[in-house]
Amino acid sequence: DIVIVRLQADVESGEVAVVFVDDDEATVKKVVKHSDGVSLIPYNPSYEPMFFSNKDILSRHVQIYGKVAELRRKF
């Protein structure tokens with residue numbers, strides 16, 4: 001897959017983004033914001049959603065890299 005990403009530091013809740021976790025792992029997930037943190041929801045049902053509290057976001061360096069603008073897939 002090829003992902004076209006618009007570089008931006010934040011997205012609206014419900015949008016798909018590239019997110020870095022622990023400064024060394026990048027993932028493409030739907031971002032759902034909560035008052036106490038953020039959920040990263042996978043589109044692949046083989047993976048579980050990830051939840052990060054507001055404290056986790058700071059200590060684990062959870063950072064939005066950009067909004068996914070397009071996905072290109074070859075079969």
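## Two pockets to start with

Let's begin with a hollow: the second largest pocket here has a volume of about 170 Å³. Keep in mind that you're looking at a predicted model. Thirteen is the count to remember for the walls, since 13 residues line this second largest pocket, and those nearest its centre are Val31, Lys33, Val38, Ile57 and Ile64. Four elements give two or more residues to the lining: S3, strand S4 (37-41), helix H1 (54-59) and S6. Sorted by type, the lining of the second largest pocket has seven nonpolar, four polar and two charged residues.

What about the largest pocket? It holds about 270 Å³ of space. Its lining has 13 residues, and Asp1, Val28, Tyr43, Leu71 and Arg73 are the closest to its centre. Eight residues of this lining are nonpolar, two are polar and three are charged. Which element gives the largest share of the lining of the largest pocket? That would be S3, with three residues. Both S3 and strand S6 (63-72) supply at least two residues to the lining of this largest pocket. If you wonder how such spaces get spotted, rolling a probe the size of a water molecule over the atoms shows where empty space is left.

## The sheet

Now for the strands. Six of them make an open sheet with antiparallel pairing, in the order S1-S6-S2-S3-S4-S5. Why do strand S1 (2-7) and strand S5 (50-53) each have one side without a neighbour in the sheet? They stand at the edges, and each has a single partner strand, so nothing in the sheet sits along the other side. From one strand to the next, the twist averages 45°.

It's handy to remember a general rule while you look at the strands: in a regular strand the side chains alternate between the two faces of the sheet.

## Who pairs with whom

Start at one edge. S1 and S6 are antiparallel and pair over six bridges. If you want a spot to look for, find Ile2, which stands opposite Arg72 in S6.

Next, how many bridges join S2 to S6? Four, and these two strands run antiparallel. On the other pairing of S2, six bridges join S2 (residues 16-21) to strand S3 (residues 25-34), again in the antiparallel sense.

Phe20 is a nice residue to follow across the sheet. It stands opposite Gln63 in S6, and Phe20 also stands opposite Ala26 in S3. Val19 has a partner in S3 as well: it stands opposite Thr27.

## Two residues with an unusual phi

Here's some background: most residues other than glycine have a negative phi, and most peptide bonds are trans. Asp22 goes the other way, with a positive phi of about 60° even though it isn't a glycine. You'll find Asp22 in the loop between S2 and S3. These two strands form a hairpin with three residues between them, and that is where Asp22 takes its positive phi. Is Asp22 buried or partly exposed? With a relative accessibility of 33%, Asp22 counts as partly exposed.

His61 does something along these lines too. Its phi is near 55°, a positive value in a residue other than glycine. His61 is placed in the loop between H1 and S6. The relative accessible area of His61 is 43%, so His61 is partly exposed.

## The nonpolar core

In soluble globular proteins, nonpolar side chains tend to be buried together. Which residues make up the largest nonpolar core in this model? There are 10 in all: Val11, Ala17, Val19, Val21, Val31, Val38, Leu40, Phe52, Val62 and Ile64. S2 and S4 each supply at least two residues of this core, and S2 gives the largest share, three residues.

Some names should ring a bell by now. Val19, the residue opposite Thr27 in S3, is one of the core residues. Val31, Val38 and Ile64 are also among the core residues, and you've met these three near the centre of the second largest pocket.

Technical notes
Residues numbered from 1 in each chain as written. Predicted model: local features only at pLDDT ≥ 70, side-chain atom pairs only at ≥ 80, totals over all residues. Heavy atoms only, no water. Pairing = 2+ DSSP bridges. Axes fitted to C-alpha atoms, helices over the stretch in contact; angles between N-to-C directions. 1 Å grid on protein atoms, 1.4 Å probe; cavity = no way out; pocket = protein on both sides within 12 Å on 5 of 7 lines; lining within 4 Å. Points joined across faces, edges and corners; volume = space filled by probe spheres on them. Nonpolar A, V, L, I, M, F, W, Y, C, P; charged D, E, K, R; others polar. Buried < 20%, exposed > 50% of the residue type's maximum accessible area, 1.4 Å probe, protein only. Core = buried A, V, L, I, M, F, W, Y, C linked by side-chain atoms within 4.5 Å.
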